[in-house]
Amino acid sequence: MGRDEAKETDPRITTPYSNLPDLFWEDSKRAGCRSRIKVYRSLGEIVDSCAGIPSLLLGDSMNNIATDMDTISYRVPLGVTGCICPFNFPAMVPLWTFPISIACGNTVVLKPSERVPGASMILADLFREAGAPAGVLNIIHGQHEAVDFMCDHPDIEAISFVGSDEAVSDIDVSCDFRC
């Protein structure tokens with residue numbers, strides 16, 4: 001069985017929501033995604049990545065790097081993070097961003113594309129049904145005003161963005177003061 005086939009039949013993904021990839025597929029088709037396996041792969045890869053995050057979050061220590069000097073590093077959550085998603089990857093980009101940010105101890109403000117918000121809303125519903133506390137994943141809708149809100153809000157410490165060069169330059173200018 002190949003890697004893609006294993007992800008397609010992984011019980012952690014297909015049950016009890018066996019129609020989940022089909023729901024994502026409908027949203028992805030509207031966005032121009034031509035491969036159903038891309039949707040399955042993104043679901044499987046995020047499950048595997050988030051399961052391994054605790055070992056990646058361990059700090060480091062080096063003893064005696066110089067006379068009477070040790071070094072210790074800690075990995076701590078940022079707090080509130082943001083994710084601005086494109087229309088052409090309505091399921092994959094949210095899956096690449098918010099589960100990992102939450103697994104690292106952050107809360108997330110997710111702004112799906114106004115053209116295809118369905119996949120993000122399904123993911124948020126599943127996250128809530130799984131028992132996630134209120135306020136850990138927050139969804140805002142809108143166009144430029146929503147992006148400006150995220151960039152201007154002082155509590156949002158980091159923003160993940162996938163999109164065009166024109167849009168990223170606008171976001172870069174808006175968020176520049178905090179870099």
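**View 1. A nonpolar patch on the surface of the predicted model.** M62, I65 and M69 come together here to make a nonpolar surface patch of about 290 Å². If you want to find your bearings, M62 sits in strand 1, which covers residues 60-66.

**View 2. Two residues with positive phi, N64 and D68.** Most residues other than glycine have a negative phi. N64 isn't a glycine, yet its phi is positive, at about 55°. D68 is another non-glycine residue with a positive phi, and its value is near 55°. N64 is found in strand 1, while D68 lies in the loop between strand 1 and strand 2 (69-73). Are they buried or exposed? N64 has a relative accessible area of 62%, so it is exposed. D68 counts as exposed too, at 80% relative accessibility.

**View 3. Helix 6, largely enclosed by the rest of the structure.** Helix 6 runs over residues 92-103, and its 12 residues should span 16 Å at 1.5 Å a residue. The end C-alpha atoms turn out to be 17 Å apart, which agrees. Why call this helix largely enclosed? Because 9 of its 12 residues are buried. Those are M92, V93, P94, L95, T97, F98, P99, S101 and I102. After the helix comes G105, with a positive phi near 100°.

**View 4. N106, tucked into the loop after helix 6.** N106 belongs to the loop between helix 6 and strand 4 (107-111). With 8% relative accessibility, under the 20% cut-off, N106 counts as buried. What does its side chain reach? The backbone nitrogen of L78, at 2.6 Å. Leaving aside residues up to four places away in sequence, N106 touches P77, L78, G79, T81, S101 and V136. One of these, S101, is itself a buried residue of helix 6.

**View 5. Stepping back to the protein chain.** For context around the close-ups, the secondary structure comes to 9 helices and 6 strands. Of the 179 residues in the chain, 33% are buried. The accessible surface of the chain is about 10600 Å², and carbon and sulfur atoms account for 56% of that. As for contacts with a separation of 6 or more, 69% are between residues 24 or more positions apart.

Notes
Residues numbered from 1 in each chain as written. Predicted model: local features only at pLDDT ≥ 70, side-chain atom pairs only at ≥ 80, totals over all residues. Heavy atoms only, no water. Helix = DSSP H or I, 4+ residues; strand = E, 2+ residues; numbered from the N terminus. Expected span 1.5 Å × (residues − 1). Buried < 20%, exposed > 50% of the residue type's maximum accessible area, 1.4 Å probe, protein only. Patch = residues over 30% accessible without salt bridge, like charges linked within 9 Å, V, L, I, M, F, W, Y side chains within 5 Å. Areas by Shrake-Rupley, 256 points an atom, 1.4 Å probe, with all protein chains shown as cover. Salt bridge = Lys/Arg side-chain N within 4 Å of Asp/Glu carboxyl O. Polar contact = N/O pair within 3.5 Å; in protein donor to acceptor, adjacent residues only side chain to side chain. Contact = heavy atoms within 4.5 Å.
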